[in-house]
Amino acid sequence: MKFKPMRAAPQASFFKALGEAKLQQWKLDDRARPAWARIVPAIRAEGGLRLEASSLGEHGRDAGVAAGTDRLSPTCPGHVLCFNTLEQMQKADKAAVLGAAAALVWADIVSGRALDSPGLLARFVVACHADMKQHKFVLWPAFPALVPEDGLAQEGEALPASAGLSAGLGVEPAVVLEEASEAVAALMARSPAGLPLAFVLARRDGKLAAQPLREAADRGAASLRADLATRGLVLVVVDPSPLARHAGWTARNALVMASVCLGLGGEVLPVLCLRPSPRGAVVDPPDHARPDEASAAAAGESSAPTATTALCGSIVVRVRCPGLEGVAAAAVGPPPGEALAGWLAADAAPDAEGTSSLSRLPRGLSAAGWERQPVRAKDGSTTMLSRPRVVDLGRLLDPAKLAESAGRLNLSLMRWRALPGLDQPLLEGMKCLLLGAGTLGCHVSRCLLAWGVRSITFVDNGSVAHSNPVRQPLFEFADAAAGAKSSKKAIVAALALKRVSPVCQPRGVVLTIPMPGHAEDLDASMAAAAELRRLIEESDVVFALTDTRESRWLPTLLCRASNTPLINAALGFDSWLVMRHGLDATRPVSGALAPPASPPLEPTEATRDSPAAERSVLAATSSAAAAGAGAGFSTGPAPTVGCYFCSDVVGPLNTTRGRTMDQQCTVTRPGLAPIAAAHAVELLVNMAHHPARALAPAAVRSADAGAPAPAEAGVGTGPVPHQLRGFMATFSTMQLEAAASTVCTACSANVVGALSARGDAFIRAAIEDPDLLGAGQRPRGDESRGRCAG
Ligand SMILES: [Zn+2]
């Protein structure tokens, strides 16, 4: 007897959910995952196994109460085997996987579970590999069918439902159809989940009535056989096959169930292959035979379901139930949960007692059911062969969405193995303010983008010059040629960043940062200071990337006053400096880099028992975290470490005066800017992943040190040093820590106190007379730290 093979009908949402689950949840864990799907019956077209987004979950918990047309599509449980590589998928023991799945079906039948949940008869397996980089999925579904040794024998031809149900009864076909339709409708009405996959129609008191399998089994084999003898018993199976002459795949396990659970082995059993109409009734005859009916139904005419419109398409086949008495007595495999552990070929090795952990079918039964694909031969003919299908979703996706998911992919993949603790949402939501859209600003923004940061604001007052594009990757020759007015660097950089990634939210602000000693237009400077203060207060982190020392002074002071994290990068000719400014540990840190509000690591029994080194990390962390909470915390120096001006008692004078061209700008080795920019961003990422975030204690490590110090080991993405200084002359990088200076011109208590006491008047005075800040000393010869970025 031939059955129409089953096909899976995966929806686009299923692939999306599969890719997300693999990327974010399962990662490298390739064990079989529980899933569920719906058996969609043939309704004017072929049905099949419908996989959708919600299919990746526990059957029953998610399947829920069916509504609408889903009430005609029973649910069934299955498993998804998502392999890490295509090679693993190819090498997996397909026969073992199918055998194990079929053994589960057999166990459900023998135990009687299938009587209460007929969907268990349509178990499935989806072996797959998801290539999220190419948006390609290789999918190979299997629908395990139990195959008795002697096969299943059909008696006579398949008949339309009316002829098949009335044959030998002496009752009008139309009357029988009406009865069958009403019986099915009555069963659906009392079943919350909708139509069961299989049930029986029995003639009681001269009329057809639907009985769930459990009720039928409870009547006993003798009663059922007696009904069968008077043509008063029909097995009903929801059928995905649209063929007028062939039953679908679901009938196979239902017939084995009828032999074992209903005691009908050896009997010839009529099977109604149910292809219900959306109105909840059964349709007859096959639609190709009644084009008028089919077109009326297709047009959605809501005529009352008569017997003829209700049953068209369904067929009746008569099949001899297999004799499985001897087989049924054989031992079955371990219960489903244990069998799953052994699904992968690697796990299927025999255990100490020599038995495979895979559950096996008893002697006398085999399994069939890997999905087949049409394969075209050279002569143009098509044959169906067992093989996986390849689904390319890339062409279907919106390019912008594609860019977004692809951009996140590398970061998501980091979480598989290299960086499980990567906090993507924190980085994606972080608001970064970049002071300077020159060489450093361009490189810092690109590096932030690569880490998934989306909100990037450039502040710059300059225009793209012809000398810029070769060193500043967000600018091109055309920008410089457009003229100073229409090529403001902050705006052009933001537009360029948006072209690189449509999902990012860059912004350009044309603003001259007020500087001590630059008192040409005081009113404009004061307006700019107010704007700068607003920008800093709405940011989570500020990058100081300007090309002079004095332009860093006001941002340093404003960040210190608002306790906003600031990362500073500066270039010399062949050396670079990246540092984070100290914060006040006794006040709340502004923005997303504040330590988590409630200390996550309270001393508990568990931490008291932990090794000493680990305890010291925890102690440092929880005290720092408590400091972030603010209230009631009084210990700890403020600020923790120094700022850019701390190590330099010289006030921020106008350093651009009296400089020759080679002292002004861009006279630095071209490789320095990308190196320093990358260090600045990596420092931010490490800080974001430290348990104390912006209040992380400074990690210090000399160049010749070996393994990381205990306090650094295992904390987030790595150490969070105070300063990094790089020297191209020796290709070396140093981690340094410098304490905050009590006489610093930008971050000391005196200066911050003066700002809070005098406000704008203090800023105005400092711009007019830089001597107010310094100790009256003139700049020393070494200006390298302050020079050159833009
Ligand atoms: Zn300072």
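## Backbone geometry, a helix and an eight-stranded sheet

In this predicted model, R693 lies in the loop that connects α24 with β26. R693 is not a glycine, yet its phi is positive, at about 45 degrees. Most residues other than glycine have a negative phi. With a relative accessibility of 18%, R693 counts as buried, because the cut-off for that class is under 20%.

A positive phi also occurs at D205, again in a residue other than glycine, with a value near 50 degrees. D205 belongs to the loop between β10 (198–204) and β11 (207–211). Its relative accessible area is 84%, and D205 is therefore classed as exposed, the limit being over 50%. The table sets out the positive phi values, including that of the glycine after α9.

| Residue | Phi | Location |
|---|---|---|
| R693 | about 45 degrees | loop between α24 and β26 |
| D205 | near 50 degrees | loop between β10 and β11 |
| G263 | near 65 degrees | follows α9 |

Helix α9 covers residues 250–261. How far apart should the ends of its twelve residues be at 1.5 Å a residue? The expected span is 16 Å, and the end C-alpha atoms of α9 are 17 Å apart, which agrees. The expected value follows because 1.5 Å is multiplied by one less than the number of residues. Is α9 mostly covered or mostly uncovered? Eleven of its twelve residues are buried, so the helix is mostly covered. Among the buried residues are R252, N253, L255, M257 and C261. Beyond α9 comes G263, with its positive phi.

The sheet considered here is open and has eight strands, in the order β22-β21-β20-β23-β24-β25-β26-β27, with mixed pairing. Its edges are formed by β22 (505–510) and β27 (732–736), each of which pairs on one side only. On average, neighbouring strands are turned by 15 degrees against each other, direction ignored. Strands of a sheet pair through backbone hydrogen bonds, either parallel or antiparallel.

Within this sheet, β23 (residues 541–544) and β24 (residues 566–571) run parallel and are joined by three bridges. A544 stands opposite N568 of β24. Packed on the sheet is helix α24 (residues 672–689), which touches β20 (431–435), β23, β24, β25 (575–580), β26 (723–727) and β27. The direction of α24 makes about 20 degrees with that of β25. The loop between α24 and β26 is the one that holds R693.

How values were computed:
Residues are numbered from 1 along each chain as its sequence is written. This is a predicted model: local features need pLDDT of at least 70, side-chain atom pairs count only at pLDDT 80 or more; totals for chains, interfaces and linings use all residues. Side-chain values use heavy atoms; hydrogens and water are left out. Two strands pair if DSSP finds at least two bridges between them. Helices (H or I, at least four residues) and strands (E, at least two) are DSSP runs, numbered from the N terminus. Axes are lines fitted to C-alpha atoms, for helices over the stretch in contact, and angles run from 0 to 180 degrees between N-to-C directions. Contact means heavy atoms within 4.5 Å. Buried means under 20% relative accessible area, exposed over 50%, partly exposed in between (1.4 Å probe, protein chains only).
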